[in-house]
Amino acid sequence: MLSSASTSSRFMPPQATEVAQNVDTLYGFLLVISLISCVLVIGGLIYFAVKYRRHTENDKTPYISHNATLEFLWSFIPFLLFMASFVWGWIVYHQLRTAPTDALEVMVRGQKWNWTFAYKNGRTSASEMFVPVGQNVRLIMGSSDVIHSFYIPAFRTKQDVVPGRYTSLWFNAEKEGDYQVFCAEYCGDQHSGMQAKIHVVSREKFEDWLGNDPYKDLPLVEVGRKVYTSRCVACHTLTDQKAVGPGWKGVFGRKEKLEGGSDITVDENYVRESILDPNAKVVLGFPRGVMPTFAGQLSEQEISGAIEFIKSLK
Amino acid sequence: MATATHDPNKNYINEKSGIWSWLTTLDHKRIGILYMISVMSFFAIGGTFAMLLRWELFSAGRNIMDAHQYNQVFTFHGAIMVFMVIIPGIPAFLGNFILPLQIGAKDVAFPRVNLMSWYCLMIGAAIAFFSLFYNGVDTGWTFYTPYSISTQNGTLLMVVGAFIIGFSSILTGLNFIVTVHKLRAPGMSFWRLPLFIWALYSTALLQILATPVLAITLLLLTAERVLGIGIFDPKLGGDPVLFQHFFWFYSHPAVYIMILPAMGVVSELIATFSHKTIFGYKAIALSSVGIAAVSFFVWGHHLFVSGQSEVAGILFSFITMLVGVPTAIKVFNWVATLYRGSMRFDSPLLFALGFIFLFTIGGVTGIILAVIGVDVHFHDTYFVVAHFHYVMVGGTLMAIMGGIYYWFPKMFGRMVNEFWARISFVLIFVGFNVTFFPQFILGAMGMPRRYYDYLPEYQSLNRISSVGAWTIGTGFLVGLFVIIHGMRKGVKAGPNPWGGKTLEWQTASPPPHENFHVQPVVTAGPYEYR
């Protein structure tokens, strides 16, 4: 059997949970069985192909219609292997899906195209979450628009995040580190940009982070920069280059043509309206309905910060 | 066999002339050729999109298109290849041409319906392509809700196109079932049917039972988009996961609509080119029916992480394992047929052996994905992309190519250039493995599918994959050249250049209108090499 260590490193993501090790052990078993089956079938194929190539057009071939014993064996042995794999997979799946009752619960929200996290004490974060090492964590997840999927390769787990209902996922990270989160269910233009990081840290660091106001003593423009890097970066650049949405450099104070033909100056009111109700006034050349609303998701401080930050990009 | 009343120089190709005689033909062979031209054209378009995708993925970041264009390109690549190439590829093209010949019939049971099904494909395809003028489609070929409800208007056209193409599939299936039941030559009992016919018959059952579910689903999706009736959209009180159940209730059996006929082709090729009776004829025949039956109850393995219940997931994992058994039986039987055979390595056999090689890898990785505890990691990653390409391209397309080269002398009365046919095989086979094997590793490393951009650690494997894709592209271009050259300049072929035993080899190449000058009578099984 392949040891799980040899399948990790280059060909697998890091193993950060106990369940991940169990998944890899099972995967190793399946790989070995698959390899043996392929060698038997393909090896037999090549051997026969070489040995029984045609010598003359009048070669006689034996008339072998079937062989009951052989056919029983090559039906029954695969069946047994399939059943063994199935039961083992069931056991691992049960571990993946059964959250311990003492888990730390975090609410997760997926929205085109970022992830936000809310802790019980009111601390929120976007595009990154912190959890203590060795702690059972349960994520209760919902979506504000289309289906997303919360995928952490290092934990070997994923769960679709569906609008209109909650789904959940749990893990217990055993090693400190920063782990990649992907969106695994196709959700539109910035699907591949819908990423996040899970920072697994010591309990002290986690408590510090949890109790800490992320914007404490920060000037408004720096608050805006943080909002940008966690929420806006998927669609807006800091240059004057257009991505999904307009680039922010020099946009403030500019006169823009709207869809209807009228003009508007990008001022505080327009930026605020575009954050809260993006479809109210769409600039010509940008598709309608792409930007989601951030109403109820950004605080007044964050909105003011974002306006201040855009203003600063001259 | 030809008697004096028949002009031996007349065949289905030169019997009438003019484009109109083709567009209104009721001859199953001519309709088969119409399908061949359409499917090859769609394949060229879908393949071009694939080349563009691999170009974009050659390096991380933007290469030749933006994210929105990329999403449209992979949507069109998938939708074209599934609905317009692989599903009609073998049944409607090779099946149409060969099925009546192999059972000793003059034509299919309903020639007019047969022509209508080709028009359904063409009209559906035209509507689907028309969506390009309405901002295109960016939903992926799966049209998952609620994304497909909220995105651009072209989606509706694509959905209507797929709906109409579905009728093409239903009508062909219906036609084949009736033909096999009613028009077999005297003496051709069910246990004397060639295995290609068994495979087409099983496929036809799936086509008429499963495709209406897709039609209903797409209709509901249209009703939701146009009339605002809440079925799948949670904003209107619907359930988005319900769409996935409906969609895969069709689309999983559809996977077998794609692969079963390919297995039938391979059975023919293996028997003919090893000059040996097929090992375990009944087991292969019945496993086709078995796979078709079980395939209706495995759709939930596409929903392991969708939020369906744990019990449902486990049941679907179990039933999926059961499909593995008849599939394994087929593979073992093919290999056993080679034992003590007399093999001639013409290009059709190369494609058949290539099929077994690639399909075996596609099959075992399918089992890995069916193991539910492991699938949670692999679901929606490149591992899945690699797996289904090994089955659909490594399986079905290899069989189509092998089948074209095999039946080419029957269709056009000429042989292809064997040297270049083998070159096309080598390029496609090697290119295929270079393209898709690295994708298994990418998936295991965690790279999700449908990603426009990726992390730097995935770049080197993506580069290898792109180079492989261009190699496949070259291989298919060579194949196209071989086919066109063969039609115009190929050496004249006799009625039975390969020494085949099935009925299509007992008539002239190309066959006359209504196939046989004298009604054949069957007195033995299909692979009597004694």
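Trainee: In this predicted model, how many residue pairs are in polar contact between chain A and chain B?

Mentor: The model is a predicted one, and the count takes in pairs in which both residues have pLDDT 80 or more. Under that condition, the number of residue pairs in polar contact between chain A and chain B is 23.

Trainee: Which element of chain A gives the most residues to the side that touches chain B?

Mentor: The elements that give two or more residues to that side are helix 2 (18-51), helix 3 (68-97), strand 7 (157-161) and strand 9 (177-183) of chain A. The residues of this side divide into 40 nonpolar, 22 polar and 16 charged. The element that gives the most, with 17 residues, is helix 3 of chain A.

Trainee: What area is buried between chain A and chain B?

Mentor: The contact draws 78 residues from chain A and 91 residues from chain B. Carbon and sulfur atoms give 67% of the area buried between the two chains, and that area is about 7,200 Å².

Trainee: Which residue of chain B meets Glu57(A) in a salt bridge?

Mentor: Across the interface of chain A and chain B the rule finds two salt bridges, and in one of them the side chains of Arg165(A) and Asp239(B) meet at 3.1 Å, N to O. Side chains of opposite charge can pair when their charged atoms come close. Glu57(A) lies in the loop between helix 2 and helix 3 of chain A, and its partner is in the loop between helix 10 (310-338) and helix 11 (347-370) of chain B. At 3.6 Å, N to O, the side chain that meets Glu57(A) is that of Arg344(B).

Trainee: In the open sheet of chain A with the order 3-2-1-5-8, which strands stand at the edges, and why is one side of each left without a neighbour?

Mentor: This sheet has five strands with mixed pairing, and neighbouring strands are turned by 25° against each other on average, direction ignored. Strand 2 and strand 3 of chain A pair in the antiparallel sense over three bridges, with Ala118(A) opposite Thr124(A) in strand 3. One side of each edge strand is left without a neighbour in the sheet because each has a single partner strand, and these edge strands are strand 3 (124-126) and strand 8 (167-172) of chain A.

Trainee: In the open sheet of chain A with the order 4-10-9-6-7, how many bridges join strand 9 to strand 10?

Mentor: The pairing in this sheet of five strands is mixed, and its edge strands are strand 4 (128-132) and strand 7 of chain A. Helix 4 (residues 203-211) of chain A lies across strand 4 and strand 10, running at about 135° to strand 4. Gly177(A) stands opposite Val200(A) in strand 10 of chain A. Strand 9 and strand 10 (residues 196-201) run antiparallel, and the number of bridges that join them is five.

Trainee: What is the omega of the peptide bond from Lys112(A) to Trp113(A)?

Mentor: Most residues other than glycine have a negative phi, and most peptide bonds are trans. Trp113(A) lies in the loop between strand 1 (104-111) and strand 2 (114-118) of chain A. The bond from Lys112(A) to Trp113(A) is cis, with omega near -10°.

Trainee: Where does Asp217(A), a residue with positive phi, have its place?

Mentor: Phi of Asp217(A) is near 60°, a positive value in a residue other than glycine. The place of Asp217(A) is in the loop between helix 4 and helix 5 (220-232) of chain A.

Terms used
Residues are numbered from 1 along each chain as its sequence is written. Chains are lettered from A and ligands numbered from 1 in the order in which they are written. This is a predicted model: local features need pLDDT of at least 70, side-chain atom pairs count only at pLDDT 80 or more; totals for chains, interfaces and linings use all residues. Side-chain values use heavy atoms; hydrogens and water are left out. Contact means heavy atoms within 4.5 Å. Buried area is the accessible area (1.4 Å probe) that two parts lose on being put together, summed over both. A salt bridge is a side-chain nitrogen of Lys or Arg within 4 Å of a carboxyl oxygen of Asp or Glu. A polar contact is a pair of N or O atoms within 3.5 Å; within protein, one must be able to donate a hydrogen and the other to accept it, and residues adjacent in sequence count only if both atoms are side-chain atoms. Helices (H or I, at least four residues) and strands (E, at least two) are DSSP runs, numbered from the N terminus. Ala, Val, Leu, Ile, Met, Phe, Trp, Tyr, Cys and Pro count as nonpolar, Asp, Glu, Lys and Arg as charged, and the others, Gly among them, as polar. Two strands pair if DSSP finds at least two bridges between them. Axes are lines fitted to C-alpha atoms, for helices over the stretch in contact, and angles run from 0 to 180 degrees between N-to-C directions.
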